[in-house]
Amino acid sequence: MAEELGKKYPRGWALRESTLTIPAGRVVALVGPNGAGKSTLMGMVTGLLRPTTGRIRVFGDVPNGRGMHPAVAFLTQAKPLYPQFTVAETLKYGRHANPGWDQAYAEGLVERAQVPFEAKVGTLSGGQRTRVALALALGKRPRLLVLDEPLADLDPLAREAVLETLVQECRGQGITVLLSSHVLAELEDVCDHLVLLTDGRIRLAGDVDELLRAHAGRPGMDRLSRLALAYMREEVAA
Ligand SMILES: Nc1ncnc2c1ncn2[C@@H]1O[C@H](COP(=O)(O)OP(=O)(O)OP(=O)(O)O)[C@@H](O)[C@H]1O
């Protein structure tokens, strides 16, 4: 839950007066043009960035901008895994770093992705690395999983596989997901709530079904991807 949330960098405001609620147990798409403030918002949700203005609460706590909330897992495109660690060592690190770690579950995810435990992370393909990063994030048994363009470097087959695992696991366990991506069509299949940012402000937020209903009959707005694109192009009057 964020109220009047804002973040100012030396160059200016990255996010302004943003009030929103991420509904629990849902898969929420966070979209917007480059520089709209998506990563900044995610940084404050995960507790890694301190807000300049406003308040944010995550599971009743106020993140202090100094470290990740224990119930939150964060996965970015960069996937900062140690390249010289093997997959098994990476999971061992996960066990070490997270009190609620579920080793059997994390190993199961890696096995299902057919990634060899003895392989060094630096030798894995982008898709395999993402599966290991996802196992590391889910092994923590988070209540909220924040994903900042985690699929950006994957081929369409790998994207599909990762998204499928993600949605299956998160829906099955009631994990709330906040997922940013520029591939709007892909989000259509997996997300049931949308938050759209433009120029550091929340331009549109709501359940996908309700948003589509509210825009029914308007040309080119019969799908989430086209609706979002119209808002991103500022074709829709404020
Ligand atoms: N550490 C930083 N220092 C200064 N300015 C920053 C910093 N991080 C982001 N910004 C600026 O804040 C604004 C929002 O950036 P942010 O990365 O949140 O956008 P984004 O929506 O995630 O963009 P993209 O889709 O390109 O990843 C941009 O103008 C960016 O240049």
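Two strands are taken as paired if DSSP finds at least two bridges between them. With that in hand, the predicted model can be read strand by strand, and a good place to start is the pair formed by β6 (residues 144-148) and β7 (residues 176-180), which run parallel and share 5 bridges. Within this pair, D148 has S180 of β7 as its bridge partner.

Both strands belong to an open sheet of 6 strands with mixed pairing, in which the order is β5-β6-β7-β3-β8-β9. The edges are held by β5 (72-76) and β9 (201-207); each has a single partner strand, so one side of each is left without a neighbour in the sheet. On average, and with direction ignored, neighbouring strands of this sheet are turned by 15 degrees against each other.

Two helices can be placed against this framework. Helix α1 (residues 38-46) packs on the sheet and touches β3 (27-31), β5, β6, β7 and β8 (193-198). The direction of α1 makes about 155 degrees with that of β6. Helix α8 (residues 224-232), in turn, lies across β3, β8 and β9, and runs at about 20 degrees to β8.

Helix α1 also matters for the description of the ligand site, since it supplies 3 residues, the largest share of the shell around the ligand. The residues around the ligand are Y9, R11, A14, G32, N34, G35, A36, G37, K38, S39 and T40. Sorted by class, this shell has 6 polar, 3 nonpolar and 2 charged residues.

A further set of strands lies toward the start of the chain. Strand β1 (residues 2-9) pairs with strand β2 (residues 12-20) in the antiparallel sense over 5 bridges, and the two form a hairpin with 2 residues between them. Here L5 stands opposite S18 in β2. Strand β1 also pairs with strand β4 (residues 53-56), again in the antiparallel sense, over 3 bridges; in this pairing, the bridge partner of G6 is T53 in β4.

Turning to the chain as a whole, the protein is divided into domain 1 (1-71 + 153-238) and domain 2 (80-141). The centres of the two domains, taken over C-alpha atoms, are separated by 26 Å. Domain 1 contributes 8 residues to the contact and domain 2 contributes 6 residues. On the side of domain 1 that touches domain 2, 4 residues are nonpolar, 3 are charged and 1 is polar.

How values were computed
Residues numbered from 1 in each chain as written. Predicted model: local features only at pLDDT ≥ 70, side-chain atom pairs only at ≥ 80, totals over all residues. Helix = DSSP H or I, 4+ residues; strand = E, 2+ residues; numbered from the N terminus. Axes fitted to C-alpha atoms, helices over the stretch in contact; angles between N-to-C directions. Contact = placed C-beta atoms within 7 Å. Near = placed C-beta within 6 Å. Nonpolar A, V, L, I, M, F, W, Y, C, P; charged D, E, K, R; others polar. Domains from an automatic or database assignment.
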